[in-house]
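Biologist: Please take me closely through one part of this model, namely how its helices pack against one another and which charged side chains pair up there. I would like the cut-off behind each term as you go.

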Amino acid sequence: MSLMKWLKKDALPTPIEPGLPDPNNENDIRECKLPADVIATINTEISSVSRKRKRGNYQVYSDETRAKIVRYAINNGVMNAVWKFSRELDSPVRESTVRSMKTSYLKEVNRGKENISTLPATRGRPVLLGIELDSQVQSYIRRLRVNGGVVNSTVCIAIARGIILHKNRCLLQEFGGHITLTTDWAKSLLRRMGYVKRKGTKAVKKTVEDFPQIKQNFIKRIADTVQKYGVPQDMIVNWDQTGVAIVPAGEWTMEAEGSRQVSIAGLDDKRQITAVFAASAVGECLPPQLLYQGKTVRCHPSYKFPELWDIHHTESHWSNHASMMRYVDRVIVPYFESTRARLGLPANQQGIAIFDVYRAHRGEELLQLLRENHISPIFVPAACTDRLQPMDLAANKLFKDMIKREFQQWYGGRVCESLNGGNEETTIDLKLSELKPIHTKWLVTAVQQVSTRTDYLIAGFKEAGILDCFTIE
């Protein structure tokens, strides 16, 4: 035992750096074809050398010094400027640095600037609009906020579009240019301006446990009804309410970070209406119901809507029991009656209406009205509308995106008109009295466009799993 003590070697240190061979591992020794102590020595040497590349020493010049160097370089040549300022600053000035400064200076001169006393260094990627247009958009946005106007990504895109239309519309992609104004670009611009979203926060969305089981039960209820009554795909309808802002995201604005008060012009106006949209599982869009806020028809816009649209009002503009009874009687029942006639089905052919558990939907009188007209009501499980309600999965977002696009084109046009007229007035009038008739045109255009997207409407039913009911044996 004492003899083994003297013959046994102490373990060599295990390497700290990743990827180095372990001198205590026989496989590593065999693969390296080196003795264990040699491997340990090499590992120590490698670990002692820093792998981090040392950053070079860069000279930082003030904006005034940069302008001074450039002016001298223009009058006396780049190399003379290098020699002169290397001596004056007691530090080598690179030729490439002076040439880069000169290029930046000449760009500012070409933009019409005179008596340039400072030349700020530009770092990072160039801005999408170019420095001049970008600064004009920022200036317009700041003046808009001073006047209490709403600033958000939608308005930001509209402002930029208006300024580009005024300066040179050929820069926009729609006119063959390279500039595409997106929501990501608008958010980036507002972040660079130091603006943050202000007003409040939404309630945290509830999470649903055992969602797979809930979905399975929901689809089974539909499948059982389809098989029991032989319901065709044309006779399955989903409806849903959605709030439509007169100004997209009108109660939100962007404000400089740290501001204590946020004033928004016109926020005491009634800023929303409610739209009730419905579509069938074959992608047919039903006439919508629009609810304005008020007690009489005087709150309705002066506009000739399509004939089958249901235009109504409630005190809050949200759906209630009476408005839903009206909607089922004027839109849902006529759709099922006309579909039965079109398909040559008997007058008592059962259909299915799918909707969420919103309070206005749960009244027994409403459910009885559906049953009397041979329509089976099926509720979307609570807190699952974002995953099981077809209209939420497809049509609602598409509709609101189209409303935003219409608003951006209108707002950008107003900005362009103002600038073309030599008017620097920033705030575009967003009061409801001004916007309601214009907003109505946007609504009609958006609904007509959504109605043509049959594939998109069907995709909502497919994503919810409802179309699987026709493949279940």
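Modeller: The chain has 17 helices and eight strands, where helices (H or I, at least four residues) and strands (E, at least two) are DSSP runs numbered from the N terminus. The model is predicted, so local features need pLDDT of at least 70 and side-chain atom pairs count only at pLDDT 80 or more, whereas totals for chains, interfaces and linings use all residues. Residues are numbered from 1 along each chain as its sequence is written, and side-chain values use heavy atoms, with hydrogens and water left out. Of the 473 residues in the chain, 42% count as buried, a word that stands for under 20% relative accessible area, with exposed meaning over 50% and partly exposed in between (1.4 Å probe, protein chains only). Among contacts in the chain with a separation of 6 or more, 70% are made by residues 24 or more positions apart, contact meaning heavy atoms within 4.5 Å.

The part to look at closely is the meeting of H7 and H9. These two helices pack with their axes 11 Å apart and at an angle of about 75 degrees, the axes being lines fitted to C-alpha atoms, for helices over the stretch in contact, and the angles running from 0 to 180 degrees between N-to-C directions. That angle makes H7 roughly perpendicular to H9, since 65 to 115 degrees counts as roughly perpendicular, under 35 as roughly parallel, over 145 as roughly antiparallel and the rest as oblique. From H7, Asp-134, Val-137, Gln-138 and Ile-141 meet Leu-189, Leu-190 and Arg-192 of H9. By class, the residues of this contact comprise four nonpolar, one polar and two charged, with Ala, Val, Leu, Ile, Met, Phe, Trp, Tyr, Cys and Pro counted as nonpolar, Asp, Glu, Lys and Arg as charged, and the others, Gly among them, as polar.

Within this contact, the side chains of Asp-134 and Arg-192 form a salt bridge, at 2.8 Å from N to O; the term means a side-chain nitrogen of Lys or Arg within 4 Å of a carboxyl oxygen of Asp or Glu. Because Asp-134 lies in helix H7 (residues 131-146) and Arg-192 in helix H9 (residues 183-192), the pair ties together parts that are 58 residues apart in sequence. Asp-134 is buried, at 5% relative accessibility, whereas Arg-192 is partly exposed, with a relative accessible area of 43%.

Thr-183 also belongs to H9, and at 39% relative accessibility this residue counts as partly exposed. Once neighbours within four places in sequence are set aside, Thr-183 is in contact with Ser-153 and Ile-157. The C-alpha atom of Thr-183 is separated by 7.3 Å from that of Thr-154, a residue 29 positions away along the chain.

For comparison, here is another helix pair. H5 and helix H6 (residues 95-110) pack with their axes 9 Å apart, at an angle of about 120 degrees, and that makes H5 oblique to H6. Val-78, Met-79, Ala-81 and Val-82 in H5 meet Glu-95, Val-98, Arg-99 and Lys-102 in H6, and the residues of this contact divide into five nonpolar, no polar and three charged.

H5 also has a salt bridge of its own, in which the side chains of Lys-84 and Glu-88 come to 2.6 Å, N to O. The two residues are four apart in helix H5 (residues 78-88), and therefore about one helical turn separates them. Lys-84, at 23% relative accessibility, and Glu-88, at 45%, both count as partly exposed.

Another such pair is found in H15, where Asp-401 and Lys-397 form a salt bridge whose closest N and O atoms are 2.8 Å apart. Being four residues apart in helix H15 (residues 395-420), Asp-401 and Lys-397 are also separated by about one helical turn. Asp-401 is partly exposed at 31%, while Lys-397 is exposed at 52%. Elsewhere, salt bridges that share partners join Asp-234, Glu-284 and Arg-342 into one network, and the salt bridges counted by this rule come to twelve.

One loop residue may be added. Thr-452 lies between helix H16 (432-451) and helix H17 (454-464), and with a relative accessible area of 59% Thr-452 is exposed. Its C-alpha atom is 8.9 Å from that of Gly-283, although 169 residues separate the two along the chain.
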